[in-house]
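Here is a friendly walk through the structure shown below. Take a look at it first, and then read on.

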Amino acid sequence: MKAVFAILLLAFAGLYAVAQITLGRGRDQVVHLTWATDPNPARTQQCELFSRMYPGIRVTVDPTDRTKLLVRCATGTGPDLIDTSALELVSLAETGILKDLTPYAVSMGFGPDKTYPQAAKAMMAGGKQYRYPCNVWANALIYNKAIFADYGLAAPPKDWTWEQLIQIGRQIRQSKPRSGRAYLVIANWAGLYLVMDLLPSHGARFFSDDGLICELDSPQAIAALQLYHDLMHVHQIIPTPAESSALSSQGGWGVGGINWFSSGRAAMIIIGRWYLVITRNWPDIRPHLAAVSLPRVGDLPPRPALYLRGAAINSQSPHAPAAMKFLQYLASREYGQLIVRDGDSLPPNPQLARSGRDLVNDACGDPAFHQAFIDAVSNSQPLEFSPFVDAPQVWRWLQETVEKIENRLATPAQACAQLADEINKAIRQNLQRRPDLQQRYEQLTGKPYRDDWWQTRRQAAAPRAPNERP
Amino acid sequence: MKTLQILGTGCAKCHLLADHAQAAARALGIEFELQRVTDLQRIMEFGVMVTPALAVDGQVKASGRVPSVEEIKAMLR
């Protein structure tokens, strides 16, 4: 028995010594960064390229859930790099979880001058830069050339209106293609994302300039939701929720509109350039892809919503200098080329996306296809949020509003009124109970805060014509 | 006179490293000036990727950990 204990003791001592030597070596020679991001297979390649460019630094993907991430950041064991969405940027910045990059970004080559002007706005919170994009996207319309040819339809023009799109949709619905097959007109993969494009395209604003009043009950917002309603229920060119669920159970097309389009059963889809990543699993669709900008509303150019996945640095990270190198890498030509090749939206540095020709890759060799997505980002508008109300909550209410319209539980005017009312009520309640927001109110308005401040505000807001942009 | 530089953005470990460095220098009776370098760009100019780090007269002696007072004494001798 003694011998067994002695052997075990020696074995543990040996393992301890090996661990100490290995840990010590790691500490001195290689810096290990952790990156809280999605476990997309593309990340492996992105991490490997980074390690080749910066041999002393390794990056490991940490696909932790957001609640755990917050707890870990609060206890000082959070990841070094944190991918952030527009919805969480302000709260993560305000709680001190994210490092303010403003003093370093420009001189280190990942400042606002190194990305698209619209994306530069989306990197900021309270006038400070907290992140740099991993990729940038705005929606365009992808159509299947083979289906258009089957109906004898001409390609959509580069500059077109929603009326023209509805006309094409009617032709697809009402006429018979040469092949005799049946097709969906537009595969609606996420109604909220389409509404997010329709709102700014109609000139609708989410909030007043100071963020104190939600303006989603404006004539512009109602017109945007009315168009969404009409596309679904009047013109029937996007499927209703009932049709979507019925179709997804038929023929094994899959559960989402993306699969319907990818399997060649829908003529069009409104989506970002990242769709090309999906086509790895649907190679047959690739030769049939073409893209155009979204239709415009009246004389206004299309204004899709801008999205970006941005990497920020944990303010508690002991590896902040190495993490800065990672942001430099995101702005580099090498990383941008990886994004171009994979088709994962647009590279963060616009130098690599000056024209559609720069983005040609194995998935699609047509520069015009890629140009539609460059134009979409050029015309885009970042999502608007107010510092006085929780952005994820606003997003949930928007989702509920879209569902009400999809299921005809409210008219667009009623749904918009309820939405704006709910958000405005939340703004008033937040202001009432949070002295920090009251202070912000006073800074913004130059007036002392009063609980009944809102009574005069709504009357002062001048209504705009339905197609007028602020 | 030696210049002791504590490279770090102001975390708890940076403060501990500063305390250890001062204690070591005082124990050896060395005249010293303690500088706290919190600017990340300057930290990176030292070639440091992990904080906190200790530099003596511009030379990085340790990074990514807090050496003990005894260890720092050996670095200062």
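What pLDDT does chain A average, and what share of the residues score at least 70? This is a predicted model, and chain A averages a pLDDT of 89, with 91% of the residues scoring at least 70. That confidence varies along the chain: helix α1 of chain A (residues 2-29) is where it is lowest, at a mean of 62, while strand β10 of chain A (residues 289-292) is where it is highest, at 98. A word of caution goes with that: where pLDDT is low, the predicted coordinates should not be read in detail.

Chain B has a mean pLDDT of 92, and 100% of its residues reach 70 or more. Within chain B, helix α2 (residues 40-45) has the lowest confidence, with a mean of 88, and strand β3 (residues 53-56) has the highest, at 95. For the model as a whole, the scores are ipTM 0.73 and pTM 0.85.

Now for the two chains themselves. Here are their spans, taken along the principal axes of each C-alpha trace.

| Chain | Span of the C-alpha trace along its principal axes |
|---|---|
| Chain A | about 85 × 65 × 50 Å |
| Chain B | about 30 × 20 × 15 Å |

Let's start with chain A. If you count up its secondary structure, you get 20 helices and twelve strands. Chain A has 470 residues, and a compact globule with that many would have a radius of gyration near 23 Å; the 25 Å of chain A agrees with this.

A couple of local details in chain A are worth finding in the viewer. One is A:Q236, which sits in the loop between α10 (219-234) and α11 (241-248) of chain A. The phi angle of A:Q236 is near 55°, which is a positive value in a residue other than glycine.

The other is a salt bridge. A search of the whole structure turns up 18 salt bridges over all chains, and one of them pairs A:R72 with A:D62, with the closest N and O atoms 2.9 Å apart. A:R72 belongs to helix α3 (residues 66-74) of chain A, and A:D62 to the loop between β2 (57-61) and α3 of chain A, so this pair ties together parts that are ten residues apart in sequence.

On to chain B. Its secondary structure comes to three helices and four strands, and from the N terminus on, these elements run β-α-β-α-β-β-α. The radius of gyration of chain B is 11 Å, close to the 11 Å that the globule rule gives for 77 residues, so chain B is as compact as a globular protein of that length.

There's a backbone detail to look for here, too: B:T51 and B:P52 are joined by a cis peptide bond, with omega at about 0°. To find B:P52, go to the loop between α2 and β3 of chain B.

Finally, how do the chains meet? On one side, 16 residues of chain A are in contact with 13 residues of chain B. Putting the chains together buries an area of about 1200 Å², and carbon and sulfur atoms give 66% of that. As for polar links, the rule finds zero salt bridges across this interface, but three residue pairs there are in polar contact, both residues at pLDDT 80 or more.

Which parts of chain A touch chain B? The elements that give two or more residues to that side are α5 (102-108) and α14 (320-330) of chain A. The largest share, five residues, comes from α14(A). Sorted by character, the residues on the side of chain A that touches chain B are ten nonpolar, three polar and three charged.

Terms used:
Residues numbered from 1 in each chain as written. Chains lettered and ligands numbered in written order. Predicted model: local features only at pLDDT ≥ 70, side-chain atom pairs only at ≥ 80, totals over all residues. Heavy atoms only, no water. Contact = heavy atoms within 4.5 Å. Buried area = accessible area lost by both parts, 1.4 Å probe. Salt bridge = Lys/Arg side-chain N within 4 Å of Asp/Glu carboxyl O. Polar contact = N/O pair within 3.5 Å; in protein donor to acceptor, adjacent residues only side chain to side chain. Nonpolar A, V, L, I, M, F, W, Y, C, P; charged D, E, K, R; others polar. pLDDT = per-residue confidence, 0-100. Rg over C-alpha atoms; globule rule 2.2 N^0.38 Å.
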